[in-house]
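Here are some worked exercises to try with the model open beside you. Have a go at each task before you read its solution.

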Amino acid sequence: MDNSPLFWLAFNAFVLALLLLDLLVFNRKAHVVRMREALGWSAFWIALSLSFNYLIYRWLGKQAAMEFLTGYLIEKSLSVDNLFVFLLIFTYFKVPQQYQHKILFWGIIGALILRAAFILIGAALLAKFQFLLYVLGAFLVYTGVKMATSAGEPEIDPDNNPVVKFLSRHLPITSRLHEGRFFVRKDGLRFATPLFVVLVMVETTDVVFAADSIPAILAVSRDTFIVYTSNVFALLGLRALYFALEGLMRLFHYLHYGLSLILIFIGGKLLFQEIYHIPMSISLG
């Protein structure tokens, strides 16, 4: 595909408009996101993603559309693990529900920027060094096996997190939330609030999860525009998915087994691509 800067500019302008509409109109005031609202937003983001998928089909054809849908489903599936970590972070820091949406909003904006960089760098490396495909495949298989043999529920220890330790040493932090603000000014000095620490925790944990999800999508498609857009649409619906599943996440006892199978399958596809090429329709299934 011709990765024209115009495509990237138009798509990012569209995403920015959606985010501004979300921040300045629909969620201008901090509030508790109820199940009904979360399900409504989840349906909206999924419908929007599938509509874009249809545009890809009409614009670029069946193969590109299947690559987008496969990448979207992979990222959507693997991002459920992020939701468990978000829940643990919010519980640990006792973040009130009305402020959780704001943290996830800014956290996802940061994730979009970081993942765009990961995708561009990863695609450039794979284009230049073909042997990295096998390294990538082995890494995904290893990650899948490790996930399957783990306890299943992610652990988090903010007290020993190096980022939190760094912030505590170099940045004055208040003990109060200050009505959902990230920074406040006291006695002429700028202080960070606990919500800023939570935001940094969300951002750093997403970097860790991106180490699994980005290689998995790059294994499906080498087109950076397809990889990026499928990743973006999955991330845009992540907040709504979190609030929709918040009360049910503790019931997903076998989720890590399903996610591990996805990673092992994709890694195996890369390792044995010279022996047998698995059609995209099978990968999607």
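**Exercise 1.** Work out whether phenylalanine 52 is buried or exposed, and find its helix.

*Solution.* Start with the area: phenylalanine 52 has a relative accessible area of 13%, so it counts as buried (under 20% relative accessible area; exposed is over 50%, partly exposed in between; 1.4 Å probe, protein chains only). Next, place phenylalanine 52 in helix α2, residues 35-60. Helices here are DSSP runs of H or I with at least four residues, strands are runs of E with at least two, and both are numbered from the N terminus. Then look across to leucine 69: the two residues are 17 apart in sequence and 9.8 Å apart in space, C-alpha to C-alpha.

Before you go on, note that this is a predicted model, in which local features need pLDDT of at least 70, side-chain atom pairs count only at pLDDT 80 or more, and totals for chains, interfaces and linings use all residues. Residues are numbered from 1 along each chain as its sequence is written, and side-chain values use heavy atoms, with hydrogens and water left out.

**Exercise 2.** Do the same for leucine 48, then find how far its C-alpha atom is from that of phenylalanine 233.

*Solution.* Leucine 48 also belongs to helix α2. Its relative accessibility is 18%, so leucine 48 counts as buried. Its C-alpha atom is separated by 8.2 Å from that of phenylalanine 233, although the two are 185 residues apart along the chain.

**Exercise 3.** Find the salt bridge partner of arginine 115.

*Solution.* Recall the rule first: a side-chain nitrogen of Lys or Arg must be within 4 Å of a carboxyl oxygen of Asp or Glu. The count by this rule is one salt bridge. Arginine 115 pairs with glutamate 75, and their closest N and O atoms are 2.6 Å apart. This pair links distant parts of the chain, as arginine 115 sits in helix α4 and glutamate 75 in helix α3 (residues 62-92), 40 residues apart. Finally, check the surroundings: both arginine 115 and glutamate 75 are buried.

**Exercise 4.** Describe how strands β1 and β2 pair.

*Solution.* Strands pair if DSSP finds at least two bridges between them. Here β1 (residues 183-186) and β2 (residues 189-192) run antiparallel and are joined by four bridges. Across the pairing, arginine 185 stands opposite arginine 190 in β2. Two residues lie between the strands of this hairpin, where aspartate 187 takes a positive phi near 55 degrees.

**Exercise 5.** Say where valine 145 lies and how far it is from leucine 261.

*Solution.* Valine 145 is part of helix α5, residues 132-148. With a relative accessible area of 41%, valine 145 is partly exposed. Leucine 261 is 116 residues away in sequence, and the C-alpha to C-alpha distance between the two is 8.2 Å.

**Exercise 6.** Step back and summarise the whole protein: how many helices and strands are there?

*Solution.* The secondary structure comes to 11 helices and two strands. Along the sequence, the pattern reads α-α-α-α-α-α-β-β-α-α-α-α-α. For the overall burial, 49% of the 285 residues count as buried.
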